[in-house]
Amino acid sequence: MIQPAITGSGVFTPEQVITNDELVVAFNAYADRINADNAEAIAAGKMDPVPHSSADFILSASGIEQRFVMDKDGVLDPDRMFPSLAPRDDDSPSIMAEMAVDAITKALAQAGRDPSEVDLVICAASNHERAYPAIAVEIQKLIGAGGFAFDMNVACSSATFGIQAAADMVRSGSVTCAIVVNPEICSAHLEWRDRDCHFIFGDVATAVVIEPEAQANGAHFTIHGTRCATEFSNNIRNNNGFLRRTHDQMEDRRDMQFMQNGRKVFKEVLPMVSAHILGHLDDAGWEADSLKRLWLHQANKTMNDFIGRKVLGRTPEPGEQPNILQDYANTSSAGSIIAFSKYSDDMQAGDRGVICSFGAGYSVGSVLVERA
Ligand code: COA
C-alpha cells in the first residue's frame with residue numbers, strides 16, 4: 001500500500017471585495033425600491049415590506065466582515081443583485097477553469113512539481129459552470145496534465161470527499177500526482193435579494209496536490225486517514241438543474257438559488273460533525289489532545305467555535321482553530337482548504353491536525369494529517 005501525502009496547496013483570491021457595509025447599502029436600496037413599487041399593497045396589508053439588513057447583525061450572526069467576489073458591480077447594483085459574468089465563447093477558458101489554474105499553479109509550485117507530471121485532476125465544487133465536458137478535463141488541458149480528470153459535487157464537503165478519492169487512488173497506485181481543485185463562484189448561486197442569507201457567501205478557488213509520500217520534494221503532510229459520511233436533508237438545497245427550462249420562465253423561482261433553514265442546519269449539523277471527528281480520531285487511535293490544529297469548514301463562527309470546543313474538550317487556544325471566515329465569508333468546499341493553506345506553514349514535524357468540511361447533503365468529511 002502506498003502512503004499518500006498532501007505536498008502542496010494554493011489559493012486563488014478574487015481581486016474584488018464587498019464589505020458588510022457596502023452589501024447592506026445595496027440591499028437596503030433594493031428593499032426601499034421594492035417597498036416603493038408595492039406601496040399600495042403594503043398599505044393594504046396584502047404584502048409585507050422588505051425589512052432592512054444590518055451590518056451589525058451580519059457580523060454577530062456569522063462572524064463575516066467581508067467577502068471576495070468575481071464581480072462586485074452586478075451584486076451591488078440594486079436593480080440587478082447578481083454578478084455580471086458574461087458567458088464566454090466555447091473556445092475561451094471557462095471562469096471556473098481560470099480560477100482553478102491559478103490555485104493549481106501555486107499548489108504545484110509548493111509541491112515542486114511540473115503540471116506535466118499531474119495524472120489526475122478532480123474539480124470538486126458545489127456547483128459547476130456547465131454540465132459537460134467536465135470542467136476538470138478543461139483544467140487538465142489548460143495546465144498540460146496527462147492522465148484523466150473528472151468533476152464531482154458534494155456541496156460544501158466537495159474538497160474533503162475529493163481528497164479521499166484522490167488519496168485512495170494514490171494509495172492503490174492508480175495515480176501518482178493528483179490535484180483536487182475547488183473553484184467556488186458562490187456569488188452566482190446565492191440569492192442576494194434574500195435578507196436571511198445575502199451575506200453568507202464569497203468566491204475563491206483552492207487546490208491541493210496529493211502524491212505518494214515517498215516522492216515528496218519537501219515538507220508535506222502525511223494523510224493518515226480520510227472519512228466521509230452523508231445523511232439526506234432538505235435543509236440546504238438548490239433545485240437548479242437540467243430540468244429547469246429557460247431563465248426567463250423560471251426567473252422568480254426562489255428555489256433555483258441557495259436555500260437553507262439556517263436554524264435547523266445549525267442544530268443538526270453540529271452534533272453530526274463533532275461526533276464524526278471524534279469517531280475518526282478514536283478509530284485512528286489519536287487523542288484529541290494530540291491535535292495541533294483544526295482546519296474547519298468556514299460557514300459560521302459560532303458553529304466552528306462550538307465544534308472546536310466539543311472536539312478538544314476545551315476552548316481552542318488562538319491559532320489552534322484558524323478562521324478565515326471574517327475575510328472570505330463561507331466559500332463552500334474551499335473554506336477548510338483556505339484555512340489549511342494559510343495556516344499550516346508553522347507546523348513542525350510530528351504535528352497533527354484535522355481538515356474537516358460539512359454542509360448540504362448533509363455531508364461531512366475529515367482528513368487526518370501529520371506534518372512530515
Ligand atoms: N439583517 C438584520 N436582521 C436580520 C437579518 C439581516 N440580514 N437576517 C435575519 N435577521 C433577523 C431575523 O429577522 C430575526 O429577527 P426576529 O428575531 O425579530 O424574527 C433574527 O435576525 C434572527 O434570524 P435568524 O435567521 O433566526 O438568525 P440566526 O441567529 O439563526 O442566524 C444564520 C442566521 C444563517 C447565520 C445561522 O442560522 C447559521 O449560521 N446557520 C447555519 C448556516 C450554515 O452553516 N449553513 C451552511 C451553508 S453551507
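**Notebook: two helix packings**

I first looked up how helix 5 and helix 6 cross, and found the crossing to be right-handed. I note that the model is a predicted one.

I then took the geometry of this pair. Helix 5 covers residues 95-111 and helix 6 covers residues 135-143; their axes come within 9 Å and cross at roughly 55 degrees. I therefore recorded helix 5 as oblique to helix 6, because an angle that is neither under 35, nor over 145, nor from 65 to 115 degrees counts as oblique.

Next I listed the residues that make the contact. Helix 5 contributes M96, A97, A100, V101 and I104, and helix 6 contributes I135, E138, I139, L142 and I143. By class, I entered nine nonpolar residues, one charged and no polar for this contact. I assigned the charged entry to E138 of helix 6.

I turned to a second pair, helix 1 (residues 20-37) and helix 3 (residues 55-62). Their axes lie 9 Å apart, and the packing angle is about 125 degrees. I therefore entered helix 1 as oblique to helix 3. The crossing of helix 1 and helix 3 is right-handed.

For the contact itself, I noted N20, D21, L23 and V24 on helix 1, with A55, I58 and L59 on helix 3. The classes here are five nonpolar, one polar and one charged. I assigned the polar entry to N20 and the charged one to D21, both of helix 1.

Terms used: Residues numbered from 1 in each chain as written. Predicted model: local features only at pLDDT ≥ 70, side-chain atom pairs only at ≥ 80, totals over all residues. Heavy atoms only, no water. Axes fitted to C-alpha atoms, helices over the stretch in contact; angles between N-to-C directions. Helix = DSSP H or I, 4+ residues; strand = E, 2+ residues; numbered from the N terminus. Left-handed = near helix turned anticlockwise from the far one by under 90°. Contact = heavy atoms within 4.5 Å.
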